[in-house]
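Please look over the structure shown here before reading on; the paragraphs that follow go through its aromatic rings, then a buried arginine and finally a valine in a helix.

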Amino acid sequence: MTGIDDLPVRDELRGKSPYGAPQLDVPVRLNTNENPYRLPEPLVERIAERVREAARDLNRYPDRDAVELRTQLAKYLTDTSGHEVGLANVWAANGSNEVIQQLLQTFGGPGRTAIGFEPSYSMHGLIARGTGTGWISGPRNDDFTIDVETAVQAIASQRPDVVFVTTPNNPTGNAVPPETVLALYEAAQAAKPSMVVVDEAYIEFSHGDSLLPLIEGRPNLVVSRTMSKAFGAAGLRLGYLAAHPAVVDAVQLVRLPYHLSAVTQATALAALEHTGTLLKYVEQLKAERDRLVSELRAIGFEVVESDANFVQFGRFEGPGGSHAAWQKILDQGVLVRDNGIPGWLRVSAGTPEENDAFLDAVRELKKEQSA
């Protein structure tokens, strides 16, 4: 029977597995960092109106440059960060993963390399390999922070073409201080110069501010975002970036023609009209995230400080380690994420009821461990 490795696939893809989190039919699913709240009915109705309008012209190609959408995304960034950006600073694509892919197609590729500080978002390395970009795994400290001196040395010695900094970091949840990003940016410019991509997929859940203002005067710095998390629109697949206009011009060299459908653009525009309501859900999730951190520590778990909509907790040792703990939690009807980081699991912040079910499950787990 023919398998993938029997085909003439590229060498760097052999033996690899596609990205994906296991989805199981259980009462409580807290493993993929989704926003647990359904879109409010007024927004659903507005989406239907906008899509209905777009449907009348589906015989025509959509706006290739997504001008109206990018304009509204720029307004959202300006309003929420206090740093003014305009249409020329913003680019949008099908999820932040396509944004990352376009950046690597533009600034990476065969003969070039990218570095990320792991554990971090695994798609950075996967997309790097998919675009023929060499991947360098940079180190983190035991507490999952980035050691500035070590990271700067890695950039100086490896001279990567693209540097990824994820803040808040996935899967650990901790934020990266702006001074760390600035130090890495300066090191990257001294080495090549290189592009620095700050992945802010979870920034709306942070206790601190966006690093978006850092793009001012730094043409090789990019901030990427998504509507999947804070906007509760994981099924929409809309990501975007903010950067110097030259970066926006550059990624258009590799984007596919008419890559954002008219329906996607219409749906995203409707969501942006309801930003105020959607960000209230974010505030609820931030409170629930902080409750999870507090409760998990009270139960006796070690917890990484989280600025995202999820919490990494542990440490699980002994027979089976974290995977055995994951299974015991699952046996009680709650699905969390085992990311393969020894001794740790990750739980997404859900509704209060979902979080209660999770906390009950881990209390039982702790009792078993203590017996």
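Ten aromatic pairs are found in the structure, which is a predicted model. In one of them, Phe 301 and Phe 316 have ring centres 5.6 Å apart and planes at 50 degrees, so this pair is classed as tilted; an angle over 60 degrees would have been needed for edge-to-face, and one under 30 degrees for stacked. The pair links distant parts of the chain, since Phe 301 lies in the loop between α9 (275-299) and β9 (302-303), whereas Phe 316 lies in the loop between β10 (310-314) and α10 (321-331), with their positions 15 residues apart. Both Phe 301 and Phe 316 are buried.

Phe 316 also takes part in a pair with Phe 313, and here the geometry is edge-to-face, with 5.7 Å from centre to centre and 80 degrees between the planes. Phe 313, like Phe 316, is buried. Taken as a group, Phe 301, Phe 313, Phe 316 and Phe 358 make up one aromatic cluster.

Charged side chains also meet aromatic rings. The charged end of Lys 366 is placed over the ring of Phe 301, at 4.3 Å from its centre, and Phe 301 is itself one of the residues of the cluster just described. With Phe 310 the partner is an arginine, for Arg 346 lies over the face of that ring, 5.3 Å from the ring centre.

Another arginine, Arg 225, belongs to strand β7, which covers residues 221-226. Is Arg 225 buried or exposed? Its relative accessibility is 4%, and because the limit for a buried residue is under 20%, Arg 225 counts as buried. The side chain of Arg 225 has a polar contact of 3.0 Å with the side chain of Glu 200, and a further polar contact, of 3.5 Å, joins it to the side chain of Glu 204. Both glutamates recur in the list of residues in contact with Arg 225 once neighbours within four places in sequence are set aside, a list that also includes Tyr 76, Leu 77, Ser 96, Ile 203, Ser 210, Gly 239 and Tyr 240.

Val 148 gives a further view of the chain, placed as it is in helix α5, which spans residues 148-158. With a relative accessible area of 30%, Val 148 is partly exposed. When neighbours within four places in sequence are left aside, Val 148 is in contact with Thr 180 and Ala 183. As for Val 247, which is 99 residues from Val 148 along the chain, the C-alpha atoms of the two valines are separated by 26 Å.

Conventions: Residues are numbered from 1 along each chain as its sequence is written. This is a predicted model: local features need pLDDT of at least 70, side-chain atom pairs count only at pLDDT 80 or more; totals for chains, interfaces and linings use all residues. Side-chain values use heavy atoms; hydrogens and water are left out. Helices (H or I, at least four residues) and strands (E, at least two) are DSSP runs, numbered from the N terminus. Buried means under 20% relative accessible area, exposed over 50%, partly exposed in between (1.4 Å probe, protein chains only). A polar contact is a pair of N or O atoms within 3.5 Å; within protein, one must be able to donate a hydrogen and the other to accept it, and residues adjacent in sequence count only if both atoms are side-chain atoms. Contact means heavy atoms within 4.5 Å. Rings of Phe, Tyr and Trp (its six-membered ring) pair if their centres lie within 6.5 Å; planes under 30 degrees apart count as stacked, over 60 as edge-to-face and the rest as tilted. A charge sits over a ring if NZ of Lys or CZ of Arg is within 6 Å of the ring centre and within 35 degrees of the ring normal.
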